[in-house]
Amino acid sequence: MSVPAITTPDSAGDTPRRLALSPSRAMDFKQCPLKYRLRAIDKIPEAPSRAAVRGTLVHAVLEALFALPARERDLAHAAALIAPSWTAVLESRPETVELITSEELDGFLGEANDLLQVYFRLEDPSAFEPDSCETFVETELADGTPLRGIVDRIDRSPDGALHVIDYKTGRAPSPERENRALFQLKFYALVLMRTLGAPPAELRLMYLTDGQVLSYEPDAEELARFERIVSALWTAIDTAARTGDFPPSRSWLCGYCEYKPLCPEFGGTPPPFPAQLPEQSPREP
């Protein structure tokens with residue numbers, strides 16, 4: 001039985017839609033409104049990082065793994081999927097071609113294999129059938145706030161309860177930095193609750209660098225409170241979009257931001273604010 005009212009990216013299509021809030025873009029705005037604007041509105045491209053591309057590769061391998069019959073979902077088959085998945089990543093994201101040199105390729109693919117070994121220590125993918133993989137979720141809250149995102153995997157237990165799984169190829173956050181992870185979990189729980197009428201039984205983040213798992217069991221009252229937070233965030237984004245006022249917010253995270261050359265905090269100048277807001281592909285994070 002498939003999950004109702006939510007679709008995969010392919011079935012959702014690539015038809016451009018109006019801007020919507022995803023966990024990534026919500027955290028961008030909370031961190032720095034200017035960063036949100038440059039990413040979501042100006043759509044200024046960023047050079048892909050090695051870690052991000054490795055994460056894309058591992059996600060692609062796991063998606064392909066679950067397309068195999070259950071009896072073939074072992075580490076050997078997963079390892080055999082790395083090379084063709086890398087080819088697919090290069091075809092879909094040609095900007096990554098120059099990121100990994102031919103001399104680095106074996107080591108890079110080996111890193112992906114190491115992460116897959118950790119995954120197999122966390123669960124046995126041959127022991128169950130996922131309800132869906134790479135699931136596009138979308139809803140609009142009562143006040144018109146549009147929410148969307150892509151969930152790595154949704155499982156359904158025998159009693160019909162949904163379990164949402166998201167793979168992370170980095171390390172688990174420290175207790176002081178769990179807020180971002182919990183925000184993402186609550187965001188997807190809210191979308192599913194408003195789409196399906198009830199929250200999922202569990203949401204799980206699987207960190208494949210250190211083998212840690214962060215689990216969250218939402219309840220409707222908590223998500224109703226979180227909904228008000230998300231709505232207020234979208235209202236702030238909408239107001240900023242009407243005025244063009246997306247101020248920078250300086251923090252230690254600026255050291256990792258590729259937009260520093262365009263940031264007034266570092267002597268830069270953002271481009272003129274677009275006269276018309278862009279449309280957004282469902283595949284955008």
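Here are some worked exercises on the predicted model shown above.

Before we start, residues are numbered from 1 along each chain as its sequence is written, and side-chain values use heavy atoms, with hydrogens and water left out. As this is a predicted model, local features need pLDDT of at least 70 and side-chain atom pairs count only at pLDDT 80 or more, while totals for chains, interfaces and linings use all residues.

## Exercise 1: The overall build

Work out which elements the protein has, and how compact it is.

**Step 1.** Start with the elements: nine helices and five strands. Here helices (H or I, at least four residues) and strands (E, at least two) are DSSP runs, numbered from the N terminus.

**Step 2.** Read the elements from the N terminus on: α-α-α-α-α-α-α-β-β-β-α-β-β-α.

**Step 3.** Now check compactness. The radius of gyration is 19 Å, close to the 19 Å that the globule rule gives for 285 residues, so the protein is as compact as a globular protein of that length. This radius is taken over C-alpha atoms, and the rule is 2.2 Å times the number of residues to the power 0.38.

**Step 4.** For the extent, the C-alpha trace spans about 55 × 50 × 40 Å along its principal axes.

**Step 5.** Finally, buried residues make up 44% of the 285. Buried means under 20% relative accessible area, exposed over 50%, and partly exposed in between (1.4 Å probe, protein chains only).

## Exercise 2: The sheet

Find the order of the strands in the sheet, and say which strands stand at the edges.

**Step 1.** Five strands form an open sheet, in the order β1-β2-β3-β4-β5, with mixed pairing. Two strands pair if DSSP finds at least two bridges between them.

**Step 2.** The edges are β1 (132–140) and β5 (212–216): each has a single partner strand, so one side of each is left without a neighbour in the sheet. From one strand to the next, the twist averages 35°.

**Step 3.** Strands of a sheet pair through backbone hydrogen bonds, either parallel or antiparallel. Look at β3 (residues 162–168) and β4 (residues 202–207): they run parallel, joined by six bridges. Ile-165 stands opposite Arg-204 in β4.

**Step 4.** Then take β4 and β5, which pair in the antiparallel sense over five bridges. Leu-205 stands opposite Leu-214 in β5. These two strands form a hairpin with four residues between them, and Gly-211 in the turn has a positive phi of about 70°.

**Step 5.** Add a helix to the picture: α4 (residues 50–65) lies across β1, β2 (146–156) and β3, running at about 105° to β1. Axes are lines fitted to C-alpha atoms, for helices over the stretch in contact, and angles run from 0 to 180 degrees between N-to-C directions.

## Exercise 3: A covered helix

Which residues of α2 are buried, and what covers them?

**Step 1.** Helix α2 (residues 23–31) is mostly covered, with seven of its nine residues buried.

**Step 2.** Pick them out: Pro-23, Arg-25, Ala-26, Met-27, Asp-28, Phe-29 and Gln-31.

**Step 3.** Their cover includes α3 (33–41), β2, α8 (179–196) and α9. Contact means heavy atoms within 4.5 Å.

## Exercise 4: Two residues and their contacts

Describe where Phe-128 and Glu-222 lie and what they touch.

**Step 1.** Phe-128 sits in the loop between α7 (102–122) and β1. With a relative accessible area of 22%, Phe-128 is partly exposed.

**Step 2.** Leaving aside neighbours within four places in sequence, Phe-128 is in contact with Phe-66, Arg-73, Glu-123, Arg-153 and Asp-155.

**Step 3.** Glu-222 lies in helix α9 (residues 220–243). Leaving aside neighbours within four places in sequence, Glu-222 is in contact with Lys-186 and Tyr-216.

**Step 4.** The side chains of Glu-222 and Lys-186 are joined by a polar contact of 3.4 Å. A polar contact is a pair of N or O atoms within 3.5 Å; within protein, one must be able to donate a hydrogen and the other to accept it, and residues adjacent in sequence count only if both atoms are side-chain atoms.

## Exercise 5: Positive phi

Are Lys-43 and Glu-134 buried or partly exposed?

**Step 1.** Most residues other than glycine have a negative phi. Lys-43, not a glycine, has a positive phi of about 55°. Glu-134, also not a glycine, has a positive phi of about 50°.

**Step 2.** Lys-43 lies in the loop between α3 and α4, and at 30% relative accessibility Lys-43 counts as partly exposed.

**Step 3.** Glu-134 lies in strand β1, and with a relative accessible area of 18% Glu-134 is buried.
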